[in-house]
Structures are given as C-alpha cells and as structure tokens.
Amino acid sequence: MQKPGMVPLSLPHRLVLVRHGETDWNREGRLQGGQDIPLNALGREQAAEAAGRLKALEPGFAGLDYICSPMGRARETMDILRRDLDLAAGAYRVDDRLRELTFGTWEGFTWREIRKAEREQAHLRERDKWGFVPPGGESYRMLAERVRPVLAGLERETVIVSHGGVARAILALVGAVAPQKAAMVEIWQGKLLVVEGDRADWL
C-alpha cells in the first residue's frame with residue numbers, strides 16, 4: 001500500500017522536462033548535487049538539441065510556461081534553449097524547489113571513491129536509493145516532497161529545465177514509475193521527457 005505522501009499527482013496539462021546539458025563532472029562521474037558546475041561544450045550542444053526537439057514537439061512553444069532550477073548549469077541550458085527558439089532572454093521563472101538533490105559531503109566524489117571510502121554507507125544506499133540520506137544531504141523521498149508543490153501549482157503546459165534527480169522524483173510523483181525504481185532511472189541530456197497523465201516518454 002502506498003504511503004499517503006506518495007499518492008500520484010494528476011497533471012491536467014502536459015509537462016516537458018529537460019535535464020541540463022553535460023558538465024565536466026557529469027563526464028567524470030562525479031556527484032554534483034548542490035555544486036554549481038558549468039556546462040561543457042557537449043552540454044551546450046545538448047541544450048541546443050533540446051530546443052530543436054521542443055520546436056518539433058510543440059509548434060506553439062512560445063505560449064508555454066517555462067520554469068528553471070536556480071543552478072547555473074540549468075540556467076545556462078534554459079538560456080541556450082530559449083535563444084535557439086528566438087524567445088526573450090530571461091523571460092522565465094526560477095524556482096528554488098527545482099534545485100538538484102544534495103549529496104552533502106559526498107559531492108565532488110565518484111561512486112567508486114565513495115564505495116571505497118564509505119563501504120557501509122554505500123551499501124545502505126544500494127539497498128534503499130529512494131529513502132537513503134547521504135551524510136549532510138537529502139534523500140529522493142525528501143526531494144519529491146520539495147518538488148510536489150511545484151507540480152501541484154502548474155496551470156498550463158510547462159517546460160521545466162532542471163536535473164536528473166528532480167526528473168526521477170517527478171516520475172515517481174506522477175505514478176509513471178514506482179519510487180524505488182525511479183531512483184535508478186537513466187535521465188538523458190539533450191532529449192525531452194514528456195509527461196502526460198501517468199505516462200512519460202522520451203523524445
């Protein structure tokens with residue numbers, strides 16, 4: 001039986017999720033979390049690719065709502081996307097609740113380094129990725145409760161530029177994927193994750 005806090009949200013409008021483009025830390029497999037690492041060259045190309053996909057998906061893209069995480073890599077992705085769509089620079093909302101999952105003292109390290117230095121904690125996380133709280137960080141469950149009010153407040157079709165962890169939380173919140181599975185879903189850069197009802201498809 002689902003806990004009351006995870007009763008799926010029903011979104012009346014289509015939601016388009018864009019993960020920020022690649023950073024050097026993404027490429028190196030380092031946990032970014034709350035660290036503001038800029039896009040690399042490939043990341044900027046991926047942001048432009050997402051703009052092309054959005055234009056093909058929704059010819060009326062100019063009339064959508066646009067919301068972004070406050071983190072630099074997400075803002076840069078949004079700015080490139082809007083530039084390539086010929087939309088006004090900066091004419092979007094920024095919502096702090098869409099910032100990435102924080103990994104606390106683990107940020108900056110690779111999973112290989114963490115498994116070597118903190119074997120027991122790493123093992124606990126493998127057993128419960130959704131509920132595990134890294135030292136000084138937050139769990140996916142906590143992230144989902146932070147993001148839930150953002151989704152509940154959407155009034156029309158919306159494009160959200162955010163992070164992999166936020167996308168996983170949203171998949172669980174709308175009931176597209178079970179929470180424990182959502183924590184392990186691959187979230188692509190440069191593609192669109194289109195959520196309609198309890199369905200989520202990559203474009």
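Start by selecting Ala172: this residue is buried, with a relative accessible area of 3%. Buried here means under 20% relative accessible area, exposed means over 50%, and partly exposed is in between, with a 1.4 Å probe and protein chains only. Before you move on, know that this is a predicted model, where local features need pLDDT of at least 70, side-chain atom pairs count only at pLDDT 80 or more, and totals for chains, interfaces and linings use all residues. Residues are numbered from 1 along each chain as its sequence is written, and side-chain values use heavy atoms, with hydrogens and water left out.

**Stop 1: helix α7**

Ala172 sits in helix α7. Helices (H or I, at least four residues) and strands (E, at least two) are DSSP runs, numbered from the N terminus. Want a distance to try out? Pick the C-alpha atoms of Ala172 and Arg127: they are 18 Å apart, with the two positions 45 residues apart along the chain.

Now select all of α7, residues 164–173. Is this helix enclosed or open? Ten of its ten residues are buried, so α7 is largely enclosed by the rest of the structure. Among them are Gly164, Val166, Arg168, Ile170 and Leu173. Show the neighbours too: the buried residues of α7 pack against β1, α6 (140–152), β4, α8 (179–182), β5 (193–196) and β6 (199–202), where contact means heavy atoms within 4.5 Å. Just beyond the helix, click on Gly175, which follows α7 and has a positive phi, near 85°.

**Stop 2: strand β4 and its sheet**

Next, select β4, residues 158–162. Five of its five residues are buried, so this strand is also largely enclosed by the rest of the structure. Turn the view to check both faces: Thr158, Ile160 and Ser162 are buried on one side, and Val159 and Val161 are buried on the other.

Which strands does β4 pair with? One is β1 (residues 15–19), in the parallel sense over five bridges, and another is β2 (residues 65–68), again parallel, over four bridges. Two strands pair if DSSP finds at least two bridges between them. Strands of a sheet pair through backbone hydrogen bonds, either parallel or antiparallel.

Some partners to click on:

- Leu15 has Thr158 of β4 as its bridge partner.
- Val18 stands opposite Val161 in β4.
- Tyr66 is matched with Val159 in β4.

Zoom out, and you have an open sheet of six strands in the order β3-β2-β4-β1-β5-β6, with mixed pairing. At the edges are β3 (93–94) and β6, each pairing on one side only.

**Stop 3: the cavities**

Searching the whole structure turns up three cavities of 30 Å³ or more. On a 1 Å grid over the protein atoms alone, a cavity is a set of points where a 1.4 Å probe fits but cannot get out; a pocket is an open set with protein on both sides within 12 Å along at least five of seven lines; and lining residues have an atom within 4 Å of a point. Grid points are joined across faces, edges and corners, and a volume is the space filled by probe spheres set on the points.

The largest cavity holds about 50 Å³ of space. To find it, select Leu17, Val18, Arg19, His163 and Ala167, the closest to its centre of the 13 lining residues. The elements giving two or more residues to this lining are β1, β4 and α7.

For the second largest cavity, also about 50 Å³, the lining residues to select include Leu11, Pro12, Leu151 and Thr158.

**Stop 4: the largest pocket**

The largest pocket has about 560 Å³ of space. Of its 26 lining residues, Arg19, Leu31, Trp111, Tyr140 and Arg168 lie nearest the centre. What kind of residues line this pocket? By class there are nine nonpolar, seven polar and ten charged; Ala, Val, Leu, Ile, Met, Phe, Trp, Tyr, Cys and Pro count as nonpolar, Asp, Glu, Lys and Arg as charged, and the others, Gly among them, as polar. Helix α7 turns up again here, giving the most to the lining with three residues.

**Last stop: Gln32**

Finish with Gln32, in the loop between α1 (24–28) and α2 (41–57). At 6% relative accessibility, Gln32 counts as buried. Its side chain makes a polar contact with the side chain of Thr23, at 2.6 Å. A polar contact is a pair of N or O atoms within 3.5 Å; within protein, one must be able to donate a hydrogen and the other to accept it, and residues adjacent in sequence count only if both atoms are side-chain atoms. Leaving aside residues up to four places away in sequence, Gln32 touches several others, including His20, Trp25, Arg73 and Glu107.
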